[in-house]
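Subject: A structure for you to look at

Hello,

Here is the structure I promised to pass on. Please open it alongside this note, and then read on for what turned up.

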Amino acid sequence: MIITAENLNMFCPFKHRFTTNNVLIIKMESNLNLTINGIQHIGVPVTDIEVSQQFYTRLGFSKVMQAPFTDNGGTGTCVMMQRGSMIMELYQLPEAGLAEIRSRRNGHIDHVAFDVDNIDKAYNAVKEAGFNIIEPEPVFLQFWKNGCKYFNITGPDGERLEFNQVL
């Protein structure tokens, strides 16, 4: 099939036009007609599902679901941990897939940000609980109208968890 400007609309949800030298220029539509209600869950591949469950339980999450899944002929485990409206999906691949997860230097979620009302209280509570905090104190950024403050901790598989207060 030859794709022309006329039939490209069937295959591509972008605005487009051809120039005189037949180069296709693609522009993303600015308003996608899709409702996104918020983060449904954040998926984190883990190497020890029990250690990770204990870690997130210490942060106030509760296990709301556990189910097996099949991956490359083996059985893995998926656990959904919930705190309020936040859900973290922890999944452990079958043994054959764990070597790749263990060897990652990047590729884990960069960070998941939790919204907090008082960054200083959150920092003190996390520090007192003995979590591995990356920053020596909450950091100010000139984001949003009045800025924000944040700090990060690391989880058992190197995932970075950010606590953030928009000021």
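**A pocket between two domains**

Both domain 1 (40–103) and domain 2 (106–166) contribute residues to the lining of the largest pocket, so this pocket lies between them. The domain bounds come from an automatic or database domain assignment. A word on the source before going further: this is a predicted model, in which local features need pLDDT of at least 70 and side-chain atom pairs count only at pLDDT 80 or more, while totals for chains, interfaces and linings use all residues. Residues are numbered from 1 along each chain as its sequence is written, and side-chain values use heavy atoms, with hydrogens and water left out.

The largest pocket holds about 250 Å³ of space. Its lining is made of 14 residues, and L59, R83, V116, V126 and F163 are the ones nearest the centre. The elements that give two or more residues to this lining are β7 (112–115) and α3 (119–128). The largest share, three residues, comes from α3. By type, the lining has 11 nonpolar residues, no polar ones and three charged ones.

Some terms for this part:
- A pocket is found on a 1 Å grid over the protein atoms alone, as an open set of points where a 1.4 Å probe fits, with protein on both sides within 12 Å along at least five of seven lines; lining residues have an atom within 4 Å of a point.
- Grid points are joined across faces, edges and corners, and the volume is the space filled by probe spheres set on the points.
- Nonpolar covers Ala, Val, Leu, Ile, Met, Phe, Trp, Tyr, Cys and Pro; charged covers Asp, Glu, Lys and Arg; the others, Gly among them, are polar.

**The chain as a whole**

The chain has three helices and 10 strands, where helices (H or I, at least four residues) and strands (E, at least two) are DSSP runs numbered from the N terminus. Their order from the N terminus is β-β-β-α-β-β-β-α-β-α-β-β-β. Of the 167 residues, 34% count as buried; buried means under 20% relative accessible area, exposed over 50%, and partly exposed in between, with a 1.4 Å probe and protein chains only. Among contacts with a separation of 6 or more, 42% join residues 24 or more positions apart, a contact being heavy atoms within 4.5 Å.

**The three helices**

Helix α1 (residues 49–58) has I49, S52, Q53, F55 and Y56 as its buried residues. Seen down the axis of α1, they fall within an arc of 160°, so they line one face of the helix; the arc is that of the directions from the helix axis to the C-beta atoms. Q54 and R58 are exposed on the other side of α1. The cover over the buried residues of α1 includes β3, β4 (62–71), β5 (74–83), β6, β9 (148–154) and β10 (160–166).

In α2 (residues 95–103), the buried residues include G97, L98 and I101. The buried residues of α2 fall within an arc of 110° when seen down its axis, so they too line one face of the helix. Exposed A96 and A99 sit on the face of α2 turned away from that buried side. β3 (42–45) and β6 (86–92) are among the elements that cover the buried residues of α2.

I101 deserves a second look: it counts as buried at 3% relative accessibility. Its C-alpha atom is 8.9 Å from that of D157, although the two residues are 56 apart along the chain.

In α3, the buried residues include I119, A122, Y123 and V126. They cover an arc of only 100° around the axis, which puts them on the same side of α3. K121 and E128 are exposed on the other side of α3, and the cover over its buried residues includes β9 and β10.

**Two residues to find on screen**

N72 is found in the loop between β4 and β5. N72 has a positive phi of about 50° although it is not a glycine, and it is exposed, with a relative accessible area of 79%.

S62 is in strand β4 and is partly exposed, at 42% relative accessible area. Leaving out residues up to four places away in sequence, S62 touches M80, M81 and Q82. The C-alpha atoms of S62 and M81 are separated by 5.2 Å, with their positions 19 residues apart along the chain counted as the separation.

Best wishes
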